[in-house]
Amino acid sequence: MSDVTDSRAAWLRLAAIVALSTIGGVGMWSVVVVLPHVEAEFGASRGAASLPYTLTMLGFGAGGILMGRLADRFGIMVPVMGGAVALCAGYVVAGLAPSLLVFALAQGVLIGGLGASAAFGPLMADASLWFRRRRGIAVSLAAAGNYLAGAAWPPVLQAGIAAHGWRTTYVAVGFFCLLVMVPLALMLRRRPPALAVRTAAQLAEARGARPLGLSPNGLTAVLCTAGVACCVAMAMPQVHIVAYCGELGYGVARGAEMLSLMLGFGIVSRIASGFIADRIGGLRTLMLGSVLQGFALVLYLFFDGLTSLYIVSALFGLFQGGIVPSYAVIVREHFRTGEVGTRVGIVLMSTLVGMALGGWMSGVVFDLSGSYDAAFLNGIAWNAVNVLIVAWLILRVRGAAAGPRPQAHPV
């Protein structure tokens with residue numbers, strides 16, 4: 001079989017991946033839009049009505065590992081097909097749910113765990129297998145689909161809810177996902193090509209050596225720790241910017257605008273980080289994003305005027321959007337092809353844990369201190385942990401490069 005990496009076929013496949021990520025990404029955002037309607041219909045408290053979101057995020061993270069393993073074993077088409085069916089079933093069950101518990105379980109198990117999870121990490125991993133020269137931009141474009149979903153789906157859902165109610169809208173979304181995602185998934189039926197040349201890291205591992213001098217599980221654990229640390233920091237503005245604006249007296253509507261601005265610039269950041277990763281590698285791209293994210297968090301401590309908050313929020317989005325895709329690039333650079341999907345799923349799960357932990361922790365710090373300044377300082381401290389871990393890994397790369405350089409051989 002001829003090498004098709006970076007070919008026209010690879011780019012067409014990437015277009016299908018971005019479309020699938022954007023469509024399947026509805027599973028992460030719909031529950032946020034529908035939350036007040038569900039709360040009113042079931043007469044639930046705000047805390048109880050938030051349970052479906054929590055279960056969706058937990059299911060999304062755990063499901064990413066399962067779907068990555070399926071992709072490694074059977075190819076990406078299998079989990080994406082299953083994800084399309086699960087999304088359809090989940091939205092139909094949730095739309096017909098007689099109680100909040102049934103709605104929450106449909107969100108967590110079917111929509112998040114078996115549906116949307118197939119449309120993020122596994123697709124990023126698959127994109128990485130079809131590109132060599134443009135691997136960074138390919139992974140970043142695949143990851144950008146999730147942010148595109150966050151930008152495109154909420155207004156569509158809101159319009160549907162206003163015209164037909166949330167239940168009908170949910171059922172319609174389910175069938176739309178099934179009808180559109182299945183044909184797109186068929187475009188991914190071809191298995192990843194064998195790469196014509198192995199990298200030095202892959203050759204070393206093939207001979208029994210350990211990536212960066214660590215066991216594969218050890219390196220995965222280090223990346224997971226870094227993922228938790230950077231996303232605890234990332235969660236501070238993303239989860240609390242609306243409440244922060246309320247505390248400052250600007251109103252929650254201004255905070256929502258800043259959040260949208262942050263996510264919009266995050267799309268730009270994700271794409272730009274891909275070009276950067278293709279030039280300097282995944283680890284250095286992660287270091288750049290983490291350092292700049294820390295810088296933006298520091299700016300929040302010194303600028304709390306309305307205009308300055310808009311600017312700082314835009315900068316934060318521009319700096320942090322490329323961090324998560326960098327982990328997928330790093331995994332592809334240092335692990336065998338046959339386990340990329342699983343490893344990416346595990347590492348991305350850690351970033352979701354970091355987001356969940358960071359959102360909760362920032363609230364606790366605010367409650368204890370009465371100030372969001374302390375919460376920002378907490379985020380800065382976690383970000384520093386991430387920087388130290390990544391710096392240590394970069395030093396290990398340099399140490400490995402100083403040793404004997406194996407010659408590349410055909411697979």
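This is a short talk on some helices, and a few single residues, in the structure shown above.

Okay, hi everyone. Quick caveat before I start: this is a predicted model. I'll go through three helix pairs, then a helix with a bend in it, then some residues.

Let's begin with α15 and α16. Helix α15 covers residues 323-334 and helix α16 covers residues 340-369. Their axes come within 9 Å, and the crossing angle is roughly 150 degrees. So how do α15 and α16 run relative to each other? Anything over 145 degrees counts as roughly antiparallel, and therefore that's the label for α15 and α16. As for the hand, α15 and α16 make a right-handed crossing.

Who's touching whom? On the α15 side you've got Val324, Tyr327, Ala328, Val331 and Arg332, and they meet Val340, Arg343, Val344, Val347, Leu348 and Thr351 in α16. Sort the residues in that α15 and α16 contact by class and you get 8 nonpolar, 1 polar and 2 charged.

Now, α15 has another partner I want to show you, and that's helix α7, residues 121-129. Here the axes of α7 and α15 come within 10 Å and cross at roughly 50 degrees. That makes α7 oblique to α15. The hand of the α7 and α15 crossing is right-handed.

In α7 the residues to click on are Met124, Ser128 and Leu129, and across from them in α15 sit Val324, Pro325, Ala328 and Arg332. The class count for α7 with α15 is 5 nonpolar, 1 polar and 1 charged. If some of those names ring a bell, they should: Val324, Ala328 and Arg332 of α15 meet α7, and Val324, Ala328 and Arg332 also meet α16. Why might a spacing like that turn up? An α-helix has 3.6 residues a turn, so residues three or four places apart point the same way.

Third pair: helix α1, residues 8-24, with helix α9, residues 166-186. These pack at an angle of about 160 degrees, and their axes are 10 Å apart. That makes α1 roughly antiparallel to α9. The α1 and α9 crossing is left-handed. From α1, the contact uses Ala16, Ala19, Leu20, Ile23 and Gly24, and from α9 it uses Phe176, Cys177, Val180, Met181, Leu184 and Ala185. By class, the α1 and α9 contact has 10 nonpolar residues, 1 polar and no charged ones.

Right, the bent one. Where is the kink in helix α6, residues 100-113, centred? On Gln107, with a bend of about 30 degrees. Gln107 is on the list of buried residues of α6, and so are Leu100, Phe103, Ala104, Ala106, Gly108, Ile111, Gly112 and Gly113.

On to single residues, and I'll take the buried ones to start. Asn386 is in helix α17, residues 372-402. How does Asn386 come out, buried or exposed? Its relative accessible area is 0%, so Asn386 is buried. Leaving out residues up to four places away in sequence, Asn386 touches Ala226, Gly227, Ala229, Cys230, Ser290 and Tyr327. You've met Tyr327 already, in the contact of α15 with α16.

Ser350 lies in α16 and is buried as well, at 7% relative accessible area. With the same sequence neighbours left out, Ser350 touches Leu223, Cys224, Gly227 and Val228. So Gly227 shows up in the contacts of Asn386 and of Ser350.

Then there's Gln238, in helix α11, residues 216-248. Gln238 has 16% relative accessibility, which is under the 20% cut-off, so it counts as buried. Beyond its neighbours within four places in sequence, Gln238 contacts Tyr147, Leu259, Met262, Phe316, Gln320 and Met355. Gln238 and Gly317 are 79 residues apart along the chain, yet their C-alpha atoms are separated by 9.1 Å.

Last, a couple with some surface showing. Trp360, in α16, is exposed, with a relative accessible area of 56%. From Trp360 to Ala243 is 117 residues in sequence and 13 Å in space, C-alpha to C-alpha. Ala62 is in helix α4, residues 51-74, and at 42% relative accessible area it's partly exposed. Between Ala62 and Val109 there are 9.9 Å, C-alpha to C-alpha, and the two are 47 residues apart in sequence.

That's my tour, thanks.

How values were computed
Residues are numbered from 1 along each chain as its sequence is written. This is a predicted model: local features need pLDDT of at least 70, side-chain atom pairs count only at pLDDT 80 or more; totals for chains, interfaces and linings use all residues. Side-chain values use heavy atoms; hydrogens and water are left out. The bend at a residue is the angle between axes fitted to the seven residues ending there and the seven starting there. Helices (H or I, at least four residues) and strands (E, at least two) are DSSP runs, numbered from the N terminus. Buried means under 20% relative accessible area, exposed over 50%, partly exposed in between (1.4 Å probe, protein chains only). Axes are lines fitted to C-alpha atoms, for helices over the stretch in contact, and angles run from 0 to 180 degrees between N-to-C directions. Angles under 35 degrees count as roughly parallel, over 145 as roughly antiparallel, 65 to 115 as roughly perpendicular and the rest as oblique. A crossing is left-handed if the near helix is turned anticlockwise from the far one by less than a right angle, and right-handed if clockwise. Contact means heavy atoms within 4.5 Å. Ala, Val, Leu, Ile, Met, Phe, Trp, Tyr, Cys and Pro count as nonpolar, Asp, Glu, Lys and Arg as charged, and the others, Gly among them, as polar.
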